[in-house]
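Colleague: I have the model open and would like to go through how the helices pack and what sits in the core. Could you take my questions as they come?

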Amino acid sequence: MALLRAFCVRAAAFFLVWWVLTEGDSSGLGAGAVIVLIVAWFSCTLYPPSSHALRPVGMLVFTGYFILRSVIAGLDVVRRLLSPSLPLNPGYLRVKTSLPEGGPRWLLANTLSLMPGTLSVRLQGTSLELHCLDLDLPIDQDVRAAERKVAGVFGLGEAGTEESAS
Amino acid sequence: MTEPVILVAQVVLMVVGCLFFGVGTLGLFRFSDTLCRIHALTKIDNLGLGFIVLALLPLAPSVTAGLKVVLIWVVALAASATSAHLVARAVRSGQRADIEKGSRDG
């Protein structure tokens, strides 16, 4: 049952992408439907549905947070880059995440790469190694906030992190 | 009446986006190590592309064309985050190998 549901959701999502890529051209919709069904079947075989379902509200909250933080991240790097003294204090930091394996952890790592001052370097189990532009920034706080938003996307409960310098 | 306003807004957004790309490239020269350079490229280019996408949206002839431009931004973001992570991991592995080699030699 879960497989059928995942298949339908994925097929619908792929069809939306096809519709956008062909710019709504009606002559391509028939071929698109066939290809979408094949791709959805492949996707369900290669990546079996996990227990983490996506939540629309969580996704909206995440998108808003992501855009806001992206702007802050870009302006932060521009500010550092354009100031004559080049204010940087780079270094590595290791954080622990309590997000479950798979999609949630992957999304957190990729999100942190685009957030202010952090770049995910290595993801090993629950331990995520970050490269920070400025270790004086409240990195741990930012990671926790991003983690809460990611947890919201997958409908997970409160997630906490522990920080330890490496 | 609204058309010139939109046009001016588009030009401003486009110029801002290009400026971000320019500054991001400057980061390649000003920052000294690989990882800081990646910080500059991923974050500033993300923002620059975002501004250019915003500038193009009012010109889009249809809803799907607009969505397509947004889709390009999303896919470019995923690619830039993933490639940044892969380069960072390669750099870190290289550093660790150097440290281990150094401790063996010393």
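Colleague: What is the handedness of the crossing of α3(A) and α5(A)?

Modeller: The crossing of those two helices, α3(A) and α5(A), is left-handed, and please keep in mind that this is a predicted model. Their axes lie 7 Å apart and the packing angle is about 150°; because angles over 145 degrees count that way, α3(A) and α5(A) are roughly antiparallel to each other.

Colleague: Which residues make the contact?

Modeller: From α3(A) they are Gly58(A), Met59(A), Val61(A), Phe62(A), Tyr65(A) and Arg69(A), and from α5(A) they are Asp142(A), Ala145(A), Ala146(A), Lys149(A), Val150(A), Gly152(A) and Val153(A). Sorted by class, the contact of α3(A) with α5(A) has eight nonpolar, two polar and three charged residues.

Colleague: Arg69(A) catches my eye in that list. Is Arg69(A) buried or exposed?

Modeller: Arg69(A), which is in helix α3 of chain A, counts as buried, because its relative accessibility is 16% and the cut-off for buried is under 20%. Leaving aside neighbours within four places in sequence, Arg69(A) is in contact with Met115(A), Pro116(A) and Asp142(A).

Colleague: And how far is Thr111(A) from Arg69(A), C-alpha to C-alpha?

Modeller: The C-alpha atoms of Thr111(A) and Arg69(A) are separated by 9.9 Å, although the two residues are 42 residues apart along the chain. Thr111(A) is in helix α4 of chain A and counts as buried at 3% relative accessibility. Its contacts, with neighbours up to four places away in sequence left aside, are Phe62(A) and Phe66(A).

Colleague: Staying with α4(A), how many of its residues are buried?

Modeller: Nine of the eleven residues of α4(A) are buried, so the helix is largely enclosed by the rest of the structure. Among the buried ones are Pro104(A), Arg105(A), Asn110(A) and Ser113(A), as well as Leu108(A) and Leu112(A).

Colleague: Which residues touch the most other members of the largest nonpolar core?

Modeller: Those are Leu108(A), Leu112(A), Leu128(A), Leu130(A) and Val150(A), in a core of 28 residues. At least two residues each come from α3 (56-82), β1 (91-96), α4 (103-113), β3 (127-132) and α5 (139-153) of chain A, and also from α3 (63-105) of chain B. The element that gives the most is α5(A), with seven residues. As a general point, nonpolar side chains tend to be buried together in soluble globular proteins.

Colleague: What does Leu108(A) touch?

Modeller: Not counting residues up to four places away in sequence, Leu108(A) touches Thr97(A), Leu99(A), Leu128(A), Val143(A), Ala146(A), Glu147(A) and Val150(A). Apart from the largest core there lies another, of eleven residues, and among its members are Leu81(A), Leu133(A), Ala40(B) and Leu47(B).

Colleague: Chain B comes up there, so let me switch to it. At what angle do α3(A) and α2 of chain B pack?

Modeller: Helix α3(A) and α2(B), residues 34-56, pack at an angle of about 125°, with their axes 8 Å apart, and that makes α3(A) oblique to α2(B). Their crossing is left-handed. On the α3(A) side the contact includes Ser70(A), Gly74(A), Val78(A) and Leu81(A), and these residues are part of a set that meets His39(B), Ala40(B), Lys43(B), Ile44(B), Asn46(B) and Leu47(B) in α2(B). By class, the contact of α3(A) with α2(B) has nine nonpolar, four polar and one charged residues.

Colleague: And how far apart are the axes of α3(A) and α1 of chain B?

Modeller: They are 10 Å apart, and α3(A) packs against α1(B), residues 2-30, at an angle of about 50°, so α3(A) and α1(B) are oblique to each other. Leu75(A), Val78(A), Leu81(A) and Leu82(A) of α3(A) make this contact with Phe20(B), Val23(B), Leu26(B), Gly27(B) and Arg30(B) of α1(B).

Colleague: One last thing, then: where is Thr118(A), and what does it touch?

Modeller: Thr118(A) is in strand β2 (residues 118-124) of chain A, and at 3% relative accessibility Thr118(A) counts as buried. With residues up to four places away in sequence not counted, Thr118(A) touches Leu112(A), Ser113(A), Leu130(A), His131(A) and Ile139(A), together with His39(B) and Lys43(B).

Methods: Residues numbered from 1 in each chain as written. Chains lettered and ligands numbered in written order. Predicted model: local features only at pLDDT ≥ 70, side-chain atom pairs only at ≥ 80, totals over all residues. Heavy atoms only, no water. Core = buried A, V, L, I, M, F, W, Y, C linked by side-chain atoms within 4.5 Å. Buried < 20%, exposed > 50% of the residue type's maximum accessible area, 1.4 Å probe, protein only. Helix = DSSP H or I, 4+ residues; strand = E, 2+ residues; numbered from the N terminus. Contact = heavy atoms within 4.5 Å. Axes fitted to C-alpha atoms, helices over the stretch in contact; angles between N-to-C directions. Parallel < 35°, antiparallel > 145°, perpendicular 65-115°, else oblique. Left-handed = near helix turned anticlockwise from the far one by under 90°. Nonpolar A, V, L, I, M, F, W, Y, C, P; charged D, E, K, R; others polar.
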